[in-house]
Amino acid sequence: MCGIVGIYLKSKKFEKSLGGMLSKMLVSMETRGPDSAGFAIYNSDKNKIYKYSICLNEMSFEKFKKEIKKKLKFTSIEKNSDHIILKSIEKPNKILPILESFVEISLVGYGKSIEIFKQVGSPSNVVKKFKLDNFSGTHAIGHTRMATESAITTNGSHPYSTGEDECLVHNGSLSNHNNIRRKLKKNGSKFNSDNDTEVAAGYISDSLKKRNLKQTLNKGLSDLDGFYTFIAGTHSGFAVLRDEIACKPAVIAETKDYVAISSEFQAMAHLPNVNNAKIFEPEPGIVYSWGK
Amino acid sequence: MIFDLKKLKLRSVNEKLQNIDRKKNKRDFVISNPEGNHAICAGLTENIDVTIKGHVGYYCAGMNQNANIIVDGNVGTGVAENMMSGKVHVKGNASQSAGATAHGGTLIIDGDASSRCGISMKGIDIIVKGSVGHMSAFMAQSGNLVVCGNAGEALGDSLYETDIYVKGKVKSLGADCEEKKMSKKHKTKLKELLKKAGSNIKPEQFKRYGSARKLYNFNIDNVSNY
């Protein structure tokens, strides 16, 4: 099963209420995915500061703070439950090796605009825990998980981020992920779980080095074997793709202010003016994208 | 009588509609604020009128018998699934598997229906004023599927005895489905079906598709079609 949701704001009108909108969407998709939940929220990327989203796992906040201050001077750290957002002007090629030296923690994403929070537990608990209602932003993607092929852990939860400001949520399952993982590993990609979606995220990141998101997803149609509805996010927007058999559901609602996507319409029933929105199902095998 | 799903539980509304007191004359019902809930109006058995004002989720009007149900919005997967009799009218679009396995009654969709519309249908009449998606009428056994728009890939794959009428383009026909002659009998039937849906398009504008009946019994020469 699994539930996926996303909102892209076309105007500034709802930027402050983006977190609240996404939170209700995630909670209503609890029936499709009660095991764990997560969300990626994109906020202005005008400055030069990088944000690193980290799950502390068993490590205490104080210990992490103390250790990181020894290695990095100019950083700020914001705590949000068991996650932290580390902000620094240093580039990822300097920061990532430092963060890798902390074996207890998991880096769940990084970039100039993305922040990712994901954890095991029911979606209603997860959104409460991270106070999603208080977030603002330009676009956001979320996932509720019913685990099928790998363990229920933080690293098994979506969204998966395998590149700067990139993320992916997935409803479905892939059958050739082991082969693709092996190929990507040879090319230098790193993976933190046995999860199939993480492989798809890695595939997209690898391909984005040479192609744009639309070209990447079109290529994915022939390379990724399995059932899927994907929402892939970047700093400028997101794209949606369903496999050609269209086994997994998706419905899109578009108004002049926003584009929303979810596995079922009920997740969008609370959105402003949704009853006057243009509502349609994305056609199988066609890439839909929105962005600036 | 109006049931507001913002105030009432879906299960209690369905229970009331499933247990209509025949001695009373209340036959008109309205459901407001459906908000995409699943299984609204599933399992109705009496000759009543229900109008649902808004978009609904999966399996709306499933297993319907006798009731006349109007959805003033879009429907999710499996609208009128396994309907036995009665009428379901969707004013918006329908998701996949509309009218799946239904034995009787009439399903009218004013907008488009997505993939697998009328999959394994067993006697229902489905009239879609827009287009249908891929694999529509897959293994359809009996009844009629009328499409006023276009049909997606593999229309009528592994078809039995359902008649399919399409006005627009058919992207491709499925295994054992072929274009058939439109006789006077079929034109009369099609006219009657279109009238039911309030459409006055001329039957001559449609093409008829049916089973080539080559896959009924296993034949080694057809193995590539299975």
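Two exercises with worked solutions follow, both on a predicted model.

**Exercise 1.** Describe the make-up of chain B, and explain why its radius of gyration agrees with that of a compact globule.

*Solution.* Begin with the secondary structure: chain B holds two helices and 11 strands, and along the sequence these elements follow the pattern β-α-β-β-β-β-β-β-β-β-β-α-β. Next, take the overall dimensions, for which the C-alpha atoms of chain B occupy a box of roughly 60 × 35 × 30 Å along the principal axes. Then compare with the globule rule: because a compact globule of 226 residues would have a radius of gyration near 17 Å, the 18 Å of chain B agrees with it. Finally, consider burial and contacts: 53% of the 226 residues in chain B are buried, and, of the contacts between residues at least 6 apart in sequence, 24% join residues at least 24 apart.

**Exercise 2.** Work out which strands of chain A stand at the edges of the sheet β9-β10-β11-β15, and which helix packs on this sheet.

*Solution.* First set out the order, in which four strands of chain A form an open, antiparallel sheet as β9-β10-β11-β15. Since β9 (167-174) and β15 (288-291) of chain A each have a single partner strand, they stand at the edges, and one side of each is left without a neighbour in the sheet. Neighbouring strands of this sheet are turned against each other by 5 degrees on average, direction ignored. Helix α7 (residues 213-223) of chain A packs on the sheet, where it touches β10 (226-234), β11 and β15 of chain A, and its direction makes about 15 degrees with that of β11(A). As a last step, examine one pairing: four bridges join β11 (residues 237-242) of chain A to the antiparallel β15(A), and V240(A) stands opposite Y288(A) in β15(A).

Methods:
Residues are numbered from 1 along each chain as its sequence is written. Chains are lettered from A and ligands numbered from 1 in the order in which they are written. This is a predicted model: local features need pLDDT of at least 70, side-chain atom pairs count only at pLDDT 80 or more; totals for chains, interfaces and linings use all residues. The radius of gyration is taken over C-alpha atoms; the globule rule is 2.2 Å times the number of residues to the power 0.38. A residue is buried if 20 or more other C-beta atoms lie within 10 Å of its own, exposed if 12 or fewer, and partly exposed in between; C-beta atoms are placed from the backbone. Two residues are in contact if their C-beta atoms, placed from the backbone, lie within 7 Å. Two strands pair if DSSP finds at least two bridges between them. Axes are lines fitted to C-alpha atoms, for helices over the stretch in contact, and angles run from 0 to 180 degrees between N-to-C directions.
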